[in-house]
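Colleague: I am new to this model. Please show me how to read its features.

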Amino acid sequence: MPQTAGTLDSQQKTTSRRPAGTLYRGNTGMWSWVLHRITGVAIFFFLLVHILDTALVRLSPEAYNAVISQYQTPIMGLGEVALVGAIVFHAFNGLRIILIDFWNAKYQRVLFYVVIGLWVVTMLGFVPRHLINVFSH
């Protein structure tokens with residue numbers, strides 16, 4: 001029986017590289033996209049909260065001081081580590097996206113691993129120094 005256009009025989013159905021029921025392939029490009037969006041949204045909400053708490057100084061300096069004293073806890077110090085991690089990844093991945101747009105997309109996987117490597121090196125330099133400051137006070 002000849003195969004008509006638009007139908008797949010059983011061998012073609014089982015050899016598809018994409019998992020059934022999803023458009024996502026789970027490769028580095030997708031994970032880079034997901035992490036870029038998550039870090040971007042997290043940075044946006046941090047900036048929103050930062051603007052609001054800084055605006056408190058005009059309304060009530062006492063309320064501002066109370067909020068700032070809450071930020072000087074070890075829990076918030078760990079939150080700062082997460083914030084710096086998000087900013088660093090978002091920045092390096094943004095540069096990666098620019099390079100892919102203007103250079104060549106065939107190197108996108110290698111550039112993703114370069115971004116991860118640079119992120120790890122940067123965080124290894126930041127985290128110990130920051131945590132020493134956070135937990136020494």
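Modeller: Start with one term: contact means heavy atoms within 4.5 Å. Keep in mind that this is a predicted model.

Colleague: Which residues in helix 2 meet which in helix 3?

Modeller: From helix 2 come Val49, Asp53, Thr54, Leu56, Val57 and Leu59. Their partners in helix 3 are Pro61, Ala63, Tyr64, Val67 and Tyr71. By class, this contact has nine nonpolar residues, one polar and one charged.

Colleague: At what angle do the axes of helix 2 and helix 3 cross?

Modeller: Angles run from 0 to 180 degrees between N-to-C directions. Here the axes cross at roughly 140 degrees and come within 6 Å. The crossing of helix 2 and helix 3 is left-handed.

Colleague: Now pockets. How is empty space found?

Modeller: A probe the size of a water molecule is rolled over the atoms, and this shows where empty space is left. In this model, the largest pocket holds about 290 Å³ of space. It is lined by 13 residues; Phe46, Asp53, Tyr71, Met76 and Glu80 are the closest to its centre.

Colleague: Which helix gives the largest share of that lining?

Modeller: Helix 2, with six residues. Helix 2 (28-59), helix 3 (61-71) and helix 4 (74-102) each give at least two. The lining comprises eight nonpolar, three polar and two charged residues.

Colleague: Which residues does UniProt list as "transmembrane region"?

Modeller: The unreviewed entry lists 34-52, 81-103 and 110-132. Such annotations may be inferred rather than shown by experiment. In the model, residues 81-103 are 96% helix, with end C-alpha atoms 32 Å apart. Residues 110-132 are 100% helix, and their end C-alpha atoms lie 34 Å apart.

How values were computed. Residues numbered from 1 in each chain as written. Predicted model: local features only at pLDDT ≥ 70, side-chain atom pairs only at ≥ 80, totals over all residues. Heavy atoms only, no water. 1 Å grid on protein atoms, 1.4 Å probe; cavity = no way out; pocket = protein on both sides within 12 Å on 5 of 7 lines; lining within 4 Å. Points joined across faces, edges and corners; volume = space filled by probe spheres on them. Helix = DSSP H or I, 4+ residues; strand = E, 2+ residues; numbered from the N terminus. Nonpolar A, V, L, I, M, F, W, Y, C, P; charged D, E, K, R; others polar. Left-handed = near helix turned anticlockwise from the far one by under 90°.
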